Amino acid sequence: MIHSRGFGAIVLAGGLSLVLTASSGCSYHTSSLKIAGEESSRGGLFGREQWVHVGEPVKVIYDVRSGWADYAILHISPLDRSEVALATEPGSFRFRDLRFEQPTPPEKPMRLRAWAYRERGQRDYMDLDGELLSRESPYDVPDSRVASASMKIHVYQTSLSIPIPPDPAGYNWQTAKLLLYADPARPVEVRPVREYRTGFRIEGPTAAGGYVMAYEPTAEQVRRTGSTRVVFTVSNTAGFPWRYEDWLETP
């Protein structure tokens, strides 16, 4: 059985570069909040809701396509984290990269909200360790909010659960090998987990005498969307191989 599952948390981290674009909501001026992922076989996605694999680093970019703004605020809930970004080029704001470390429940995705401001006097907002700080002065005109946008992000974790039938000769687990074809030309090889490396687990024996190969792929080991070819092989103690092949679906 091969499937994806979901639950939640997020960490600031270092990032990538493909173009997934999400929601547009606007006030005053047209704007869009974008997520950029890896440039490879992963094509662009568009919509108010995005699906991101656990551990996939993404860039958050906010574009104000009409008018102009001096800075933007990004807020992430339910984490209650905020960040202020200055324009890297006219109308474009890039925030620190995000990495989602846990899946989110389907009914409780992450929510990103962004607001663009035009300075009128000195800047009213800054951030410190994820907290938004505001500056108020009776001698300064408040900054003007000129646009806003939001998106929802569902974080998922793909998982593999492959049943292995009983074999009277027993299996030589040192020969076990899993191939993941995120890139059809360059499959990633995964071996059984050891103290010195990550890998798949062999669980069992079951009541019927079989086993289960269990593994949670990383974001780099599966395709961003569509299907990833999966091949698992293991030989018994007599040297005869057993082979399993399937496709792992991602949103």
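**Entry 1: aromatic pairs.** I searched this predicted model for paired aromatic rings and found 9 aromatic pairs. I then turned to Tyr171 and Trp173, whose ring centres are 5.0 Å apart. Their planes meet at 35 degrees, so I entered the pair as tilted, because planes must be under 30 degrees apart to count as stacked and over 60 to count as edge-to-face.

**Entry 2: accessibility of this pair.** I looked up how far each partner is covered. Tyr171 has a relative accessible area of 12% and is therefore buried. Trp173, at 22% relative accessibility, is partly exposed, because the limit for buried is under 20%.

**Entry 3: Phe200 and Phe232.** I next examined the aromatic pair of Phe200 and Phe232, which is edge-to-face. I noted 5.6 Å from centre to centre and 85 degrees between the planes. Where do the two residues of this pair lie in the chain? Phe200 belongs to the loop between strand E16 (188–190) and strand E17 (201–203), while Phe232 is part of strand E19 (residues 226–236). The pair thus links distant parts of the chain, 32 residues apart. I recorded both Phe200 and Phe232 as buried.

**Entry 4: a cluster.** I followed the ring pairs further and found that they join Phe200 and Phe232 with Trp242 and Tyr244 in a cluster.

**Entry 5: charges over rings.** Finally, I checked arginine residues against aromatic faces. Arg118 lies over the face of Trp68, 4.1 Å from the ring centre. I also found the charged end of Arg123 over the ring of Tyr71, at 5.7 Å from its centre.

Notes: Residues are numbered from 1 along each chain as its sequence is written. This is a predicted model: local features need pLDDT of at least 70, side-chain atom pairs count only at pLDDT 80 or more; totals for chains, interfaces and linings use all residues. Side-chain values use heavy atoms; hydrogens and water are left out. Rings of Phe, Tyr and Trp (its six-membered ring) pair if their centres lie within 6.5 Å; planes under 30 degrees apart count as stacked, over 60 as edge-to-face and the rest as tilted. Buried means under 20% relative accessible area, exposed over 50%, partly exposed in between (1.4 Å probe, protein chains only). Helices (H or I, at least four residues) and strands (E, at least two) are DSSP runs, numbered from the N terminus. A charge sits over a ring if NZ of Lys or CZ of Arg is within 6 Å of the ring centre and within 35 degrees of the ring normal.
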